[in-house]
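Here are my notes, as numbered points. Please read them with the structure open.

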Amino acid sequence: MEVRYVSNSLEDTKKLALMIGKNLFRGSVISLNGDLGAGKTTFTQSLALSLGIEDKVSSPTFNILKCYFDGSMPFYHIDAYRLEDGTNANIGLEEVIEGDGVCVIEWGQFIKEMVFEPLDIQIKILDNNSREFVITSNFSKYDVIMEDLKEICR
Amino acid sequence: MKVLILDSSNTDLSVGVSIDNKIIYKMSYEAWQRQSEFMIPEIEKAVKETGIELKDFDEILCGKGPGSYTGIRIALTIAKTISVMSGAKLKLISSLRMFGNREKKFIALINARSARSYIGVYDHDQIILEDTILSNEEVKKYIFEHPDYEVYGDLNYLNLKGKEPMIIEGMLSFSSLIKEEENPMSSKPVYLKD
Ligand SMILES: Nc1ncnc2c1ncn2[C@@H]1O[C@H](COP(=O)(O)OP(=O)(O)OP(=O)(O)O)[C@@H](O)[C@H]1O
Ligand SMILES: [Mg+2]
């Protein structure tokens with residue numbers, strides 16, 4: 001199943017993230033892909049907000065993994081950009097990916113073998129302020145999310 | 001002989017003390033992702049309650065994996081440090097084997113993620129299947145084909161019910177079968193995925 005959403009502002013992106021965020025559950029995995037500056041971190045920040053996380057969610061590029069425990073469930077934010085060549089990828093990330101909370105992975109395509117049954121989100125830059133989000137689900141556990149999205153997507 | 005028993009190789013944290021093979025202190029609880037925070041304070045508590053100082057232990061018994069990537073390294077790093085500083089012997093025990101004891105025939109399992117399990121199979125003092133990774137399908141088949149073995153571990157991920165391990169008792173039970181580390185400084189964890 002696949003839906004598309006065009007965001008013309010930060011507000012639009014936030015609206016999409018909140019819509020997905022409210023249906024997330026323990027064990028949800030989101031793989032975010034798209035060029036540098038596409039909006040992966042921006043989108044993740046709003047997702048975190050929907051779980052009640054008040055700590056500022058920043059890019060974990062240099063940390064690889066950041067964990068947030070102050071929301072309604074554990075929130076794990078991975079940036080796999082620096083794991084592209086496969087070295088250093090073996091640091092137990094699968095324990096939080098297939099874990100007890102929500103896991104969002106920027107550049108999930110770089111550690112594909114580890115990303116367990118994800119909801120795939122591809123972000124395309126249309127122009128300065130516009131982005132296209134293509135959301136693909138191959139797993140029935142995300143059906144509720146996908147159904148809800150039909151309301152705002154085409 | 002005084003032994004300090006440490007493990008954080010899976011989701012639990014365990015600290016125990018034995019004298020001449022009798023457990024005189026034990027503490028074990030779920031501490032997933034907080035083991036690094038609690039391990040040192042728990043060791044301090046054990047020292048205080050037993051009156052045995054760290055330098056007075058003859059042996060440290062520690063879990064070596066397989067299990068949680070970070071978890072294994074927390075107890076092992078601390079165990080190595082104490083061993084190097086105090087001269088106590090260091091013995092490492094499989095985190096699967098410690099689920100049972102020398103009186104049992106058992107299959108020990110830990111979720112390795114990606115539809116796989118860490119599995120070790122033991123019959124009293126014998127190793128039937130050396131710790132390894134198998135697909136969950138293979139594991140289920142193995143369990144089905146070996147009904148005379150008890151199955152240990154948190155098996156919710158397989159939709160099965162496993163027996164709850166007694167970590168500290170299990171570790172102590174096997175300790176006399178295990179050789180001490182010749183060079184504790186360079187002891188390495190077993191991860192099986194490397
Ligand atoms: N409609 C929009 N939705 C999201 N971000 C937008 C939008 N329009 C403009 N932007 C801007 O795009 C940038 C996205 O940056 P962000 O750090 O989120 O990208 P990223 O995909 O995480 O990049 P990187 O690959 O470097 O981690 C921000 O500066 C944001 O303000
Ligand atoms: Mg980013």
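1. A polar contact here is a pair of N or O atoms within 3.5 Å. With that cut-off in mind, take T41(A): an N or O atom in its side chain is 2.8 Å from an oxygen atom of ligand 1. Keep in mind that this is a predicted model.

2. Two further pairs belong with that one. T13(A) places a polar side-chain atom 2.6 Å from a nitrogen atom of ligand 1. G39(A) works through its backbone, where an N or O atom lies 3.0 Å from an oxygen atom of ligand 1. Alone, ligand 1 would expose 650 Å², and the protein buries 75% of that.

3. Which elements give two or more residues to the shell around ligand 1? They are α1 (10–21) and α2 (40–50) of chain A. The largest share, 3 residues, comes from α2(A). In total, 17 residues surround ligand 1. Those that come nearest are T13(A), K40(A), T41(A), T42(A) and R131(A).

4. Now chain B, and its open sheet. Four strands run in the order β8-β7-β6-β9, with mixed pairing. The edges are β8 (126–135) and β9 (150–152) of chain B. Each has a single partner strand, so one side of each lacks a neighbour in the sheet. From one strand to the next, the twist averages 20°.

5. Look at one pair within that sheet. Strand β7 (residues 116–123) of chain B joins β8(B) in the antiparallel sense, over 7 bridges. Within this pair, V121(B) stands opposite L129(B) of β8(B). Helix α3 (residues 136–145) of chain B packs on the sheet. The helix touches β6 (105–113), β7, β8 and β9 of chain B. Its direction makes about 145° with that of β8(B).

6. A last residue to check is E59(B), in strand β4 (residues 59–63) of chain B. Is E59(B) buried or exposed? Its relative accessibility is 1%. Buried means under 20%, so E59(B) counts as buried.

7. What is E59(B) in contact with, leaving aside neighbours within four places in sequence? One group of contacts is M1(B), K2(B), V3(B) and L4(B). The others are A88(B), K89(B), K91(B) and S175(B).

How values were computed:
Residues numbered from 1 in each chain as written. Chains lettered and ligands numbered in written order. Predicted model: local features only at pLDDT ≥ 70, side-chain atom pairs only at ≥ 80, totals over all residues. Heavy atoms only, no water. Buried < 20%, exposed > 50% of the residue type's maximum accessible area, 1.4 Å probe, protein only. Contact = heavy atoms within 4.5 Å. Pairing = 2+ DSSP bridges. Axes fitted to C-alpha atoms, helices over the stretch in contact; angles between N-to-C directions. Near = heavy atom within 4 Å. Polar contact = N/O pair within 3.5 Å; in protein donor to acceptor, adjacent residues only side chain to side chain. Areas by Shrake-Rupley, 256 points an atom, 1.4 Å probe, with all protein chains shown as cover.
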